[in-house]
Amino acid sequence: RIDRLNKTVTIGLVGKYTKFEDCYASLTRALEHASYHSNRHLQLKYFDSELLSMDPKTGNMAEYHKTWSDFCKVDGIIVPGGFGKRGLEGKIAACKWARENNKPFLGICLGLQAAVIEYGRSVLGLKDADTEEEQPPGQTLEHPVVVYMPEHNPGNMGGTMRLGKHETHFKPEHKSKLKLLYGNKDKIEERHRHRYEVNKKYVPDYEKHGFLFTGVDEKEVRMEIAELRDHPYYVAVQFHPEYLSRPLRPSPPFLGLILAAAGKLDAYIEKECRQVTETDDDDSGKIEF
């Protein structure tokens, strides 16, 4: 079936390790699993997040404009995890473009945090919204929308990450496309790898403006899933769903991204998330289940 696929979906991956594509091997495999399940060949394009945030007046203007020109042509966007603030502003710019242009978007780990920062700055009016990661000593943020997890010691980086499988519970008061993609389960288990999290005190303001935290941890302390209301597919997760993706069981967040990028997500959900098969003899986009 894979050999007979004749349609392509183009996904733009925005990261700061793009010179070493093997850094994103697990993400690539998860995207491939979801693409094959959606009857699409995957065309993955890598974008250096530092180029997306470069000042064209001081840098290479031609390279900057070419990067943005290519970026605007993709069908969907994924912003993966990473460490440190280098390249973060480019990821924030990618989140903003996806949000404002109704482009299917998936943020993972730092990608969730970048989406939170962007929304705080652009929509909530928190101009200096930022993360506490790598803040200079003695500097205090007025709006730390992403904070260090309180039970860990910021002075000792060794062994301080939240690792392994943890439960995520879907909040019943919110409609969630991702919950449907997970088989309408009330809770799921995914693997984690992070030191920072969304600052809970800002959650009511975000949700009041349509940025919904549809999934939380079992104690309802940590924000695990965010979804933007009234957007085709704007999903961000604190966990790493790529670790549990399999060829015959694609990861739901990745599957949602690919289906949305192909314009098939709503039809897939309406048919109770059954596998998509398409006719090969025309370009009508007809879906059969």
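## A walk through the predicted model

Let's start with a single acidic side chain: Asp 130 counts as buried because its relative accessibility is 10%, and buried here means under 20%. The model we are looking at is predicted. Asp 130 sits in strand β5, which covers residues 130–131. What does Asp 130 touch, once residues up to four places away in sequence are set aside? Its partners are Lys 85, Leu 88, Ile 117, Arg 121, Gln 135, Leu 141, His 143, Pro 144, Val 145 and Val 146.

One of those partners, Val 145, is worth following. Ignoring neighbours within four places in sequence, Val 145 makes contact with Val 116, Ile 117, Leu 126, Ala 129, Asp 130, Glu 197, Val 198, Asn 199, Tyr 202 and Tyr 206. Val 145 also takes us into the largest nonpolar core, a set of 44 residues. Which members of this core touch the most others? They are Phe 71, Ile 77, Phe 105, Val 145, Tyr 206, Phe 211 and Phe 213. Helix α5, residues 110–122, supplies the largest share of the core, with seven residues. Apart from this core lies another one, made of 33 residues that include Ala 34, Leu 255, Ile 258 and Ala 261.

Now step back to the whole chain. Its secondary structure adds up to nine helices and 14 strands, and 56% of its 289 residues count as buried. Take the contacts with a separation of 6 or more: 66% of them are between residues 24 or more positions apart.

Next, the aromatic rings. The count comes to 13 aromatic pairs. One of them joins Tyr 119 and Phe 211, with ring centres 4.8 Å apart and 45 degrees between the planes, which makes the pair tilted. It links distant parts of the chain, since Tyr 119 belongs to helix α5 and Phe 211 to strand β10 (residues 211–216), with the two positions 92 residues apart. Are these two residues buried or exposed? Both Tyr 119 and Phe 211 are buried. Elsewhere among the rings, Phe 47, Trp 68, Phe 71 and Trp 97 come together as one aromatic cluster. Phe 71 is a name you have met before, as one of the core residues that touch the most other members.

On to the pockets. The largest has a volume of about 370 Å³. Its lining takes in 22 residues, and the closest to its centre are Gly 81, Gly 82, Phe 83, Arg 193 and His 240. The elements that contribute two or more residues to this lining are α1 (25–37), α5 and β8 (187–194). By type, the lining of the largest pocket splits into 12 nonpolar, six polar and four charged residues.

Gly 82 deserves a closer look. It is placed in the loop between β3 (76–79) and α4, and it counts as buried because its relative accessibility is 18%, with the cut-off for buried set at under 20%. Which residues does Gly 82 contact beyond its neighbours within four places in sequence? They are Tyr 17, Lys 91 and Leu 110. Gly 82 and Tyr 17 are 65 residues apart in sequence, and their C-alpha atoms lie 8.6 Å apart in space.

The second largest pocket has a volume of about 280 Å³. Of its 15 lining residues, Tyr 182, Lys 185, Glu 189, Glu 190 and Arg 249 are the closest to the centre. Strand β8 turns up again, here giving the largest share of the lining, four residues. This lining divides into seven nonpolar, two polar and six charged residues.

Finally, a bit of backbone. Most residues other than glycine have a negative phi. Asn 102 has a positive phi, near 55 degrees, and is found in the loop between α4 (88–100) and β4 (105–108). With 43% relative accessibility, Asn 102 counts as partly exposed. Glu 220 is not a glycine either, and its phi is positive too, at about 60 degrees. Glu 220 has its place in the loop between β10 and β11 (223–228). Is Glu 220 buried or exposed? Glu 220 is exposed, because its relative accessible area is 54%, and exposed means over 50%.

Definitions and conventions:
Residues numbered from 1 in each chain as written. Predicted model: local features only at pLDDT ≥ 70, side-chain atom pairs only at ≥ 80, totals over all residues. Heavy atoms only, no water. Core = buried A, V, L, I, M, F, W, Y, C linked by side-chain atoms within 4.5 Å. Buried < 20%, exposed > 50% of the residue type's maximum accessible area, 1.4 Å probe, protein only. Contact = heavy atoms within 4.5 Å. Phe/Tyr/Trp six-rings, centres within 6.5 Å; stacked < 30°, edge-to-face > 60°. 1 Å grid on protein atoms, 1.4 Å probe; cavity = no way out; pocket = protein on both sides within 12 Å on 5 of 7 lines; lining within 4 Å. Points joined across faces, edges and corners; volume = space filled by probe spheres on them. Nonpolar A, V, L, I, M, F, W, Y, C, P; charged D, E, K, R; others polar.
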